[in-house]
Amino acid sequence: MDSITQIALGASIAGAVAGKTLGRTALLTGAALGTLPDLDILIDYGTAVANFTQHRGFSHSLLVLAPLSLLIAWGLSRWQPQLSFRRWLTLVGLVLLTHPLLDTFTTYGTQLFWPFGGPLAINSIFIIDPLYTLPLLLGCACFLIRPPAAKALALGLLASSLYLGWTVTAQYLITERVKPALAAAGLNDAALMVQPTPLNTVLWRATAINDDLRVEIVTGFFDGDSEITLESFPRNSELAQSVSHLPEAQRLEWFTKGFLHYELNGQKITATDVRLGIPGAHPFTFVLAEVDGADLTPLPSGQLPRPAMNPAALPLLWSRLTGRTPALCLRTLSVPLDKGNC
């Protein structure tokens, strides 16, 4: 999730655990601990692909954060001994461990058990969702005005947790809605990812991929009995095959679980993570190799600039979210990634 949400979650937990003893210091401590795992973005791993796929790695691993909690709790108990080591450990452990657990509900990919296994992504909540964050911020505001505001903090944590549960339920309902349409299109065995569109859990995006094709569906809870529209994008599997032996291409395939679009830009082969953003406005596109006739030269990966967004995108999405627009061509929202019409 975004930094504000993680800060609010950390502060809320710390206030609930130690607010009566530490006062406003508890919120500040929780806020600092809540953002600690994301400081891995300051590390340069050498290439764009490495930086992209190492984020939410060791710093988000429960196997790292659990013992780190013991060390930090010991240090804090020396600094503020009026709170016992056990209470400090409860505070630090809950704040540090809930950070990656919450991130796992997003789409990016969290390596929860680094160095073992791959990244986990439940895909049920967008990286910024006001309905999750606002209850936490309101609880913290009540605490700052009149500490310890234990009930306000508890209600904020309860409301945000219930909302997180709703996101998983909503994802299941949308998944069941799109499966018949995909089956009718012969995509029963395609890999499927269902996630909310930005800032809400009413309008959802389903992405299905096989070796040759990617299909996108946008559907929401205000659609009623409207027919589901499938929008197709080529996958350029021959380009994927040409770079499949490259370590950074393999790393991207592993990290995204194959949700990639390959393209030849001039003489450069690029790979785009199609999980994040919307078709035509995916923020992460990487240069992997250069082609010169029959020769292919691997390149240290670099990241292309983010594509421009159509200024009309937000009004179009809002109209689609509220059910006023029965269908939406994803290519109209931005500079097209794939050539062609809907």
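Begin with the lining of the largest pocket in this predicted model, which divides by class into 23 nonpolar, nine polar and seven charged residues. Select all 39 residues of that lining, and then, to find the middle of the pocket, pick out I127, L276, P283, F284 and R306, which lie nearest its centre. The space inside the largest pocket comes to about 1000 Å³.

Colouring by secondary structure is a useful next step, since three elements, α3 (48–54), β1 (191–196) and α10 (313–321), each supply at least two residues of the lining of the largest pocket. Among the contributors to that lining, α10 gives the most, with three residues.

From the pocket, move to a pair of helices. Two packed helices are described by the angle between their axes and the distance between the axes. Select residues 24–35 for helix α2 and residues 85–103 for helix α5, whose axes come within 8 Å and cross at roughly 40°. That angle makes α2 oblique to α5, because angles under 35 degrees would count as roughly parallel and those of 65 to 115 as roughly perpendicular. The crossing of α2 and α5 is right-handed.

With both helices still selected, show the residues through which they meet: on the side of α2 these are T29, G30, L33 and G34, and on the side of α5 they are W88, L91, V92, V95, L96 and H99. Taken by class, the residues of this contact between α2 and α5 comprise six nonpolar and four polar ones, with no charged residue among them.

Next, follow the chain into the loop between α5 and α6 (130–145), where P115 is found. Select W114 together with P115 and inspect the bond between them, a cis peptide bond with omega at about 5°. The loop between α5 and α6 also holds N123, a residue other than glycine whose phi is nevertheless positive, near 70°.

For the last stop, go to the loop between α6 and α7 (150–184), which contains P148. Which form does the peptide bond from P147 to P148 take? Selecting these two prolines and reading the omega angle gives a value near 5°, and the bond is cis.

Methods
Residues numbered from 1 in each chain as written. Predicted model: local features only at pLDDT ≥ 70, side-chain atom pairs only at ≥ 80, totals over all residues. Heavy atoms only, no water. Axes fitted to C-alpha atoms, helices over the stretch in contact; angles between N-to-C directions. Helix = DSSP H or I, 4+ residues; strand = E, 2+ residues; numbered from the N terminus. Parallel < 35°, antiparallel > 145°, perpendicular 65-115°, else oblique. Left-handed = near helix turned anticlockwise from the far one by under 90°. Contact = heavy atoms within 4.5 Å. Nonpolar A, V, L, I, M, F, W, Y, C, P; charged D, E, K, R; others polar. 1 Å grid on protein atoms, 1.4 Å probe; cavity = no way out; pocket = protein on both sides within 12 Å on 5 of 7 lines; lining within 4 Å. Points joined across faces, edges and corners; volume = space filled by probe spheres on them.
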